[in-house]
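Hi,

Here is the structure I promised to pass on. Have a look at it first, and then read my notes below.

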Amino acid sequence: MAGAELNWAMNVQSPGHIVGTLNLRNHQAVVDINYNQTEYSITYKNSINLKYDGTKIHSNYNGWIKNLDNAIKRNLTNEVYK
């Protein structure tokens, strides 16, 4: 739900693994989201037109990931208090 709020396409690959894809204009960011009962991680998987060279990437990428992380945290907090 958190990713969908921000226009990420979230595809469940297996229990504990989601692939998130964000398409904005001519840019695409793809991340792996691995999770269990107590933690999750968001990891770069692939991109298009983000000038990723193995160490550097388009300046907007980190903001998109931070927004996704915040949305996940917000959704988890809301679930706890339901």
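A question to start with: is Arg-74 buried, partly exposed or exposed? With a relative accessible area of 43%, Arg-74 counts as partly exposed. Keep in mind that this is a predicted model.

Arg-74 is worth a look for its partner too. Its side chain meets that of Glu-5 in a salt bridge, at 3.9 Å from N to O. Glu-5 sits in helix H1 (residues 2-5) and Arg-74 in helix H2 (residues 59-80), so this pair ties together parts that are 69 residues apart in sequence. Glu-5 is also partly exposed, its relative accessible area being 46%.

How many salt bridges turn up in the whole structure? The search finds three. Another one joins Lys-45 and Asp-32, with 3.7 Å between the closest N and O atoms. Here strand E4 supplies Lys-45 and strand E3 supplies Asp-32, so the pair links parts 13 residues apart in sequence. The two ends are not alike in accessibility: Lys-45 is partly exposed at 44%, whereas Asp-32 is buried at 14%, the cut-off for buried being under 20%. Then there is Asp-69 with Lys-73, whose side chains meet at 3.2 Å, N to O. Both of these lie in helix H2, four residues apart, or about one turn of the helix. Lys-73 has 44% relative accessibility and is partly exposed.

Now the sheet. It is open and has four strands in the order E1-E2-E3-E4, paired antiparallel. Strands E1 (8-14) and E4 (40-48) are at the edges with a single partner strand each, so one side of each has no neighbour in the sheet. From one strand to the next, the twist averages 20°.

E3 (residues 27-35) and E4 are the strands I looked at in detail. They pair in the antiparallel sense over eight bridges and make a hairpin with four residues between them. If you want to check the register, Val-30 has Asn-46 in E4 as its bridge partner, and Ala-29 stands opposite Ser-47.

Last, Asn-26, which is found in the loop between strand E2 (17-24) and E3. What does Asn-26 contact, leaving aside neighbours within four places in sequence? The answer is Ile-48 and Asn-49. The C-alpha atoms of Asn-26 and Ile-48 are 7.9 Å apart, although the two residues are separated by 22 residues along the chain. Asn-26 itself is partly exposed, with 48% relative accessible area.

Cheers

Terms used. Residues are numbered from 1 along each chain as its sequence is written. This is a predicted model: local features need pLDDT of at least 70, side-chain atom pairs count only at pLDDT 80 or more; totals for chains, interfaces and linings use all residues. Side-chain values use heavy atoms; hydrogens and water are left out. Two strands pair if DSSP finds at least two bridges between them. Helices (H or I, at least four residues) and strands (E, at least two) are DSSP runs, numbered from the N terminus. Axes are lines fitted to C-alpha atoms, for helices over the stretch in contact, and angles run from 0 to 180 degrees between N-to-C directions. Buried means under 20% relative accessible area, exposed over 50%, partly exposed in between (1.4 Å probe, protein chains only). Contact means heavy atoms within 4.5 Å. A salt bridge is a side-chain nitrogen of Lys or Arg within 4 Å of a carboxyl oxygen of Asp or Glu.
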